Each structure stands twice: as C-alpha cells, then as structure tokens.
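Here is a short briefing to read alongside the sequence and the 3D view. Take a moment to turn the structure around before going through the points below.

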Amino acid sequence: MTQLVDGAVPAPGIDAPVAWHYGDPLREQRLLTTGAGLVDRSHRDVLTVGGPERLGWLHSIISQHVAELVDGQATETLVLSPHGHVEQHWQLVELGGTVWIDTEPGAAAEVLGYLQKMRFLKRVEPADVSADWALLSLVGPKVDEVLAAAGLPSPGPGLAVGLPGGGFARAMAWPGPGGVDLLVPREARADYVRRLTLAGSEPAGIWAYEALRIEARRPRLGFETDHRTIPHEVGWIGEAVHLNKGCYRGQETVARVHNLGKPPRRLVLLYLGGESDVLPEPGTAVELDGRTIGFVGTAAHHHEMGPIALAVLKRSVTGESHVTVGGEPVGIDG
C-alpha cells in the first residue's frame, strides 16, 4: 500500500510498508528533537463511523468518554475484553459529523468486525477507509514553523482541524511540545510530502519515531501488550480509559484494580548492554535468577541513551533486582 522513496530502508515486522530509516537513524532522532522530522506512518489503518447516533453508541462500547465530544476534539480509547484485557487501541477524532479512527497496521478487519458486531439497530455507519487515507507525522520543535510555511493549520492540544481537500491535522500527545499527525487523501500523500519538505521538514524513519516513543514510555498495542494486559499496567488509565463513565465491557476489572491500586505488572524502561548491535525481539523473556518475570516490548538504539527498551515486568521487581535479557544484565528505570 505504501511506496518507499529512494534511499529508504524498509522497517521490520508490521512496519515493513514504511521507512525504517534513511541512512542515519541517530541523526533522524536528533532531528525530531531539534527541528521538524516527517515520519511516514501511512501504513496505519483508518476507519470512519458516521450516522447521527455515532457518539452515544461508541461511548457505550469503548473505554473513553466520547458521548459529548465536540467537533475537532481528539482522544484515544481502548476496546477491552469482558475480563478487562486490552484488545484494541484507537486514536479517535470527531470532525465534520464523522468519527475518524486510526489504529495499528492490519487491525482494521478486527476493529470493523467489532463495530459491526456491536451495531445492533443503531443509526451508525462504520467503514474501513484505509485504502483512501494516509497518515503522516510531523515531529519536533519546529513543526508549527513548517506548517505555517506550508500554509497548513496548526491544531491546539487535544484538537484536530480540517485540511483543504479533506482529512485533518491532529495534535499529538507526545513526544514533547511539537507533534502533529496529518491524515491526508492517499492519492495526495506524495504532494503533501513535497509540500512539507519544501516548507522545511526532513524525512525521518519509524526507527527514530519509535526510539522517542520508548523514551517517553508510551506503550504500543501488540508490542508492550499481550493477551493478559490490563490498562493499568501500561499507563492507559486516564489517557485511554475514563474512570467516570457508564457501563462498558471490562469496566468491573478496571474499577476493581484501580480501587486496589495493585496491578500485577508495570511498564518500565530498560537500559540494555551496549556490547551487541543486535536488539532483543518483542516478546523476549526478561529473567531474574533464571525465572521469567516479564517480557521485552520495543527496543531501539537511542541517539543519547544508547540501546533501550520498554518492558512489562512483575510489579514486585525493583530497579535493584539483578535482571537479565538474553543472559545479559540490564538496568531498570521505573
């Protein structure tokens, strides 16, 4: 679906349709913290929900409070199992009488299947529109300058604004003050890339983007989650789960764990050994005295911190514990 440009190295795994880097991933990371980097995330799946009952209906089947979203408001949400385990993670925008959802690559069929299953007789119209829309992310302190030079609007925190020709610009919740997602017609993607490049942005790969995500300790579905993950373990309470709303699937588990304050696991940052350029794959066991006490999520070489990773560990494990990954000692922060 995505056309890699000359000089781009394709990313591994589910990110393979987009650029991993353009030859210098550490420089690209620095660009995202000092300038304005353009990250191609056009492999993310996109869905829409139209119809007059869309907000009230979605409010009843997801973890976020969306019944009163106003035009141009953006948020994120989860779909939980009946036992409160995380099944889906969406970014969500209400704009122009339509709810826009973007989610992980390859997840559209599952998301659409869930929406169709929960539709009943509601006046709603869910659809998979991934083939028609592409997501580009501008990251860095000079993002507003680039948008202004390109003649494009800059949204405020938690907001999205429409783009000429359709789509929207949405403020990112991370990393740092500069970050905007641009959802653009797929047929216009190349034109937007040229426009933003002429306005002062430079290309950066998904490696650089993921390294900053790790530093910011932002979980990603399927990387820092498994079939047992509950929202409290990875920091999604508040951001993607609203604690003061009506009934939804998995709510009892959310409330019980929140009231007890003791989720069984927690998300931490690992400092990996620098002896090897080979990073652990997602799902690699984290061990303590030969016992598995968690798993590695995403790992990357960071331009300042060296090799780092996110991991989900048993709550009892502390930074003083002698923890290993692949037999090599690692440091724990968090």
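**A helix pair, a sheet and two backbone angles**

Helix α1 (residues 25-34) packs against helix α6 (residues 206-216) at an angle of about 60°, and their axes are 8 Å apart. Please keep in mind that this is a predicted model. The bullets below start with this helix pair, then turn to a sheet and to two loop residues.

**How α1 meets α6**

- The two helices α1 and α6 are oblique to each other, because an angle of about 60° is neither under 35 degrees nor over 145, and it also lies outside the range of 65 to 115 that counts as roughly perpendicular.
- The crossing that α1 and α6 make is right-handed.
- On the α1 side, the contact is made by Pro-25, Glu-28, Gln-29, Leu-32 and Thr-33.
- On the α6 side, Trp-207, Ala-208, Tyr-209, Ala-211 and Leu-212 make the contact.
- Sorted by class, the contact of α1 with α6 has seven nonpolar residues, two polar ones and one charged one.

**The five-stranded sheet**

- Five strands form an open sheet in the order β5-β6-β7-β4-β8, and their pairing is antiparallel.
- The edges are taken by β5 (73-80) and β8 (125-128); each has a single partner strand, so one side of each is left without a neighbour in the sheet.
- From one strand to the next, the twist averages 25°.
- As general background, strands of a sheet pair through backbone hydrogen bonds, and they can do so in a parallel or an antiparallel way.
- Edge strand β5 is joined to β6 (residues 86-95) by eight bridges, and these two strands run antiparallel.
- If you would like a spot to zoom in on, Thr-75 stands opposite Leu-92 in β6.

**Two residues with positive phi**

- Most residues other than glycine have a negative phi.
- Phe-120 has a positive value, with phi near 55°, although Phe-120 is a residue other than glycine.
- You will find Phe-120 in the loop between α3 (108-117) and β8.
- Phe-120 has a relative accessible area of 64%, and since exposed means over 50%, Phe-120 counts as exposed.
- Arg-217 is also a residue other than glycine with a positive phi, in this case near 60°.
- The loop between α6 and α7 (231-234) holds Arg-217.
- With a relative accessible area of 31%, Arg-217 is partly exposed, because that value falls between the 20% and 50% cut-offs.

Technical notes:
Residues numbered from 1 in each chain as written. Predicted model: local features only at pLDDT ≥ 70, side-chain atom pairs only at ≥ 80, totals over all residues. Heavy atoms only, no water. Axes fitted to C-alpha atoms, helices over the stretch in contact; angles between N-to-C directions. Helix = DSSP H or I, 4+ residues; strand = E, 2+ residues; numbered from the N terminus. Left-handed = near helix turned anticlockwise from the far one by under 90°. Contact = heavy atoms within 4.5 Å. Nonpolar A, V, L, I, M, F, W, Y, C, P; charged D, E, K, R; others polar. Pairing = 2+ DSSP bridges. Buried < 20%, exposed > 50% of the residue type's maximum accessible area, 1.4 Å probe, protein only.
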